[in-house]
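Please explain this structure to a reader who is new to it. Go through the chains in turn, and then through the place where they meet.

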Amino acid sequence: MSGIKIKAGAGTGSTELQGPANTNNNTTLKLPSADGSANQLLKTDGSGNLGWATDSTLTSVLNASAETAWTSVGTGTDFTFTGLSASAKRFTLLADKISADGGVNTELRIGDSGGVETTGYITESFYTGGSSSGAGVTTSFKINGTGTASYRQSGAWEFWNLNGNLWYCQAYAHTADGTSHASGHLRAAMGVKELSGTLDRIQVYIASGNLDMGNVKLITWT
Amino acid sequence: MKRTEYNVTTGQRTEHTLSSSEETARNAEKTENDKVAYKEKRAFAFPSLADQLDMQYWDKKNGTTTWVDAIAKVKSDNPKS
């Protein structure tokens, strides 16, 4: 097999470019006239002309760019993460045993510089397990399944940017009473919401009473 | 009433007391929520359909009122607001 051996700039080694192992065809491949950008791949136009192309699999990968410390949801009517990155494409809200002082649903809302938005959600809000029920909700991403004041909800609640200011939320909640299970139900919310501006806040909300325990953290993906 | 905010960029945590207009809006929302909350609580507390069918079968067989009693208890435990 013949090839072109290129000696290293220093040292005694070399790199050899070789032709195919076996062919009767004569092929010409023309190298591009200039260097490409970082992470670009060499491509062909099918006529022997080589060029540079961006690898779409590299550019579509999201990376976790920020993660808050665990923080208490406090004892107010709601808890809101603010100051969110405008370039983020996904947020993960981790919830550890969030509880209210009454039997209420945990709800999630998003907003922009104008504040948290309370209308325009298109949410399927449901629970299933020993029994099941569901409803369409327009005021929040409502995780369905009213329990009692002793119930605590945990989960990894996802917010994905679909395009522009349109966001999708998918939230499954594990609910337990202290350290034991609570009725074997899966509580969930999934829906979309189009904001009027860039998302900059995510809120954990209850419709009545106050939050009384639990911690949250937010992971930002860009 | 108060609400809690945590700024992801600065790490600053703040608590705000709701203004009177925010409290009014909050109370109005609570009133609307209370109107349907009992339905949600009942729906969640009812035995599964499979269990209810089983109760009805044995009630029919034994002349008992297990199913009616179970449903009545859920309703009385979660009265209309």
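**Two chains and their interface**

In chain B, residues 24 or more positions apart account for 33% of the contacts with a separation of 6 or more. The model is a predicted one.

Chain B holds 3 helices and 2 strands, and along the sequence these follow the pattern β-β-α-α-α. Its radius of gyration is 22 Å, well over the 12 Å that the globule rule gives for 81 residues, so chain B is more spread out than a compact globule. Taken along the principal axes, the C-alpha atoms of chain B fill a box of roughly 65 × 30 × 15 Å. Buried residues make up 23% of the 81 residues of chain B. The surface that chain B exposes is about 5,600 Å², with 55% of it supplied by carbon and sulfur atoms. Chain B carries 14 positive and 13 negative charges, and the mean positions of the two sets are 4 Å apart.

Chain A is built from 1 helix and 19 strands. For chain A the radius of gyration is 27 Å, well over the 17 Å expected from the globule rule for 222 residues, so this chain too is more spread out than a compact globule. The C-alpha trace of chain A spans about 80 × 40 × 35 Å along its principal axes. Of the 222 residues in chain A, 42% are buried. Among the contacts in chain A with a separation of 6 or more, 68% are between residues 24 or more positions apart. The accessible surface of chain A is about 11,300 Å², and carbon and sulfur atoms account for 51% of that area. Chain A has 14 positive and 17 negative side chains, with the centres of the two sets 7 Å apart.

One residue of chain A deserves a separate look. Lys97(A) lies in strand β8, which covers residues 90-100 of chain A. Most residues other than glycine have a negative phi. Lys97(A) is not a glycine, yet its phi is positive, at about 55 degrees. The relative accessibility of Lys97(A) is 34%, so this residue counts as partly exposed.

The last step is the interface. Here 22 residues of chain B are in contact with 37 residues of chain A. Between them the two chains bury about 2,400 Å², of which 45% is on carbon and sulfur atoms. On the chain B side, Tyr6(B), Arg26(B) and Phe44(B) lose the most area to chain A, together 31% of what that side buries.

Conventions: Residues are numbered from 1 along each chain as its sequence is written. Chains are lettered from A and ligands numbered from 1 in the order in which they are written. This is a predicted model: local features need pLDDT of at least 70, side-chain atom pairs count only at pLDDT 80 or more; totals for chains, interfaces and linings use all residues. Side-chain values use heavy atoms; hydrogens and water are left out. Helices (H or I, at least four residues) and strands (E, at least two) are DSSP runs, numbered from the N terminus. The radius of gyration is taken over C-alpha atoms; the globule rule is 2.2 Å times the number of residues to the power 0.38. Buried means under 20% relative accessible area, exposed over 50%, partly exposed in between (1.4 Å probe, protein chains only). Contact means heavy atoms within 4.5 Å. Accessible areas come from the Shrake-Rupley method with a 1.4 Å probe; for residues, only the protein chains shown count as cover. Lys and Arg count as positive and Asp and Glu as negative; His and the chain ends are not counted. The place of a charge is taken as NZ of Lys, CZ of Arg, CG of Asp or CD of Glu. Buried area is the accessible area (1.4 Å probe) that two parts lose on being put together, summed over both.
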